[in-house]
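Student: I would like a close look at a single part of this model, followed outward into its surroundings. Please take it slowly and keep the parts connected.

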Amino acid sequence: MRIALDYDKTYSLDPEFWEKVAVAAELHGHEVAIVTIRDPVLDRTLPLRNLEGKREVFYTRGVAKRWYLTHFGQGFVPDVWIDDNPDSIVANSTATPEGLAKWRAERGEPV
């Protein structure tokens with residue numbers, strides 16, 4: 001089974017918990033990857049770079065996650081999605097450039 005785990009407001013809320021879930025899944029032969037709607041250049045912060053050392057992280061750049069992984073997921077097309085915002089799986093982001101700039105300025109993550 002391939003499991004897509006969202007980053008913002010899912011993994012980021014309790015990384016220790018989600019790592020335990022991911023490790024348990026992997027021990028049972030499943031694949032777990034982080035799938036985020038973030039941009040890989042503007043939003044690839046230190047916590048995400050550190051996470052890349054543990055598991056695959058896909059940055060969809062605002063594109064619907066299912067579509068992105070179907071076309072650019074290198075064979076990783078999830079069977080199960082864990083996401084606080086299920087709309088992001090099938091719909092592109094509706095964030096405006098101004099809204100993204102504000103979010104980036106206020107997110108409080110080390111860059």
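Student: In which loop is the place of L42?

Tutor: This is a predicted model, and L42 has its place in the loop between β2 and α2. Leaving out residues up to four places away in sequence, L42 touches R104 and R107. The contact with R104 joins parts of the chain that are 62 residues apart in sequence, while the C-alpha atoms of L42 and R104 are 8.4 Å apart in space.

R104 falls within the span of helix α5 (97-106), and from that helix one can turn to the largest pocket, since α5 gives the most to its lining, with 4 residues. Helix α4 (87-90), like α5, supplies at least two residues of that lining. The pocket has a volume of about 700 Å³ and is lined by 28 residues, of which D8, I37, N85, S93 and W103 lie nearest its centre. By class, the lining is made up of 13 charged, 9 polar and 6 nonpolar residues.

The two elements on either side of the loop that holds L42, β2 and α2, lead to the largest nonpolar core, to which β2 (31-36) and α2 (46-52) each give two or more residues, as do β1 (2-6), α1 (15-27) and β3 (57-59). Among these, α1 gives the most, with 3 residues. The core has 13 residues, and Y11, I34 and L51 are those that touch the most other members. In general, nonpolar side chains in soluble globular proteins tend to be buried together. I34 is in contact with both Y11 and L51, and also with L5, Y7, R55, E56, V57 and F58, once its neighbours within four places in sequence are left aside. A second, separate core has 9 residues, including V35, F58, L69 and W81, so that F58, a member of this second core, is also a contact of I34.

L69 leads on to helix α3 (residues 65-72), where K65, Y68 and L69 are buried. Seen down the axis of α3, these buried residues fall within an arc of 90°, and they therefore line one face of the helix. What covers them includes the strands β1, β2, β3 and β4 (80-82), together with helix α4, the helix that was met above among the contributors to the pocket lining.

T60, whose place is in the loop between β3 and α3, ties several of these parts together. T60 touches K65 and Y68, and besides these V35, T36, I37 and R38, not counting residues up to four places away in sequence. Its relative accessible area is 0%, and T60 therefore counts as buried. I37, one of these contacts, is also among the residues that lie nearest the centre of the largest pocket.

Two other loop residues may be set beside T60. Q74 follows α3 and lies in the loop between α3 and β4; its phi is near 50°, a positive value in a residue other than glycine, and with a relative accessible area of 67% Q74 is exposed. K9, in the loop between β1 and α1, likewise has a positive phi, near 65°, in a residue other than glycine, and at 58% relative accessibility K9 counts as exposed, since the cut-off for that word is over 50%.

Technical notes
Residues are numbered from 1 along each chain as its sequence is written. This is a predicted model: local features need pLDDT of at least 70, side-chain atom pairs count only at pLDDT 80 or more; totals for chains, interfaces and linings use all residues. Side-chain values use heavy atoms; hydrogens and water are left out. A nonpolar core is a set of buried Ala, Val, Leu, Ile, Met, Phe, Trp, Tyr and Cys residues joined through side-chain atoms within 4.5 Å. Buried means under 20% relative accessible area, exposed over 50%, partly exposed in between (1.4 Å probe, protein chains only). Contact means heavy atoms within 4.5 Å. On a 1 Å grid over the protein atoms alone, a cavity is a set of points where a 1.4 Å probe fits but cannot get out, and a pocket is an open set with protein on both sides within 12 Å along at least five of seven lines; lining residues have an atom within 4 Å of a point. Grid points are joined across faces, edges and corners, and a volume is the space filled by probe spheres set on the points. Ala, Val, Leu, Ile, Met, Phe, Trp, Tyr, Cys and Pro count as nonpolar, Asp, Glu, Lys and Arg as charged, and the others, Gly among them, as polar. The arc is that of the directions from the helix axis to the C-beta atoms.
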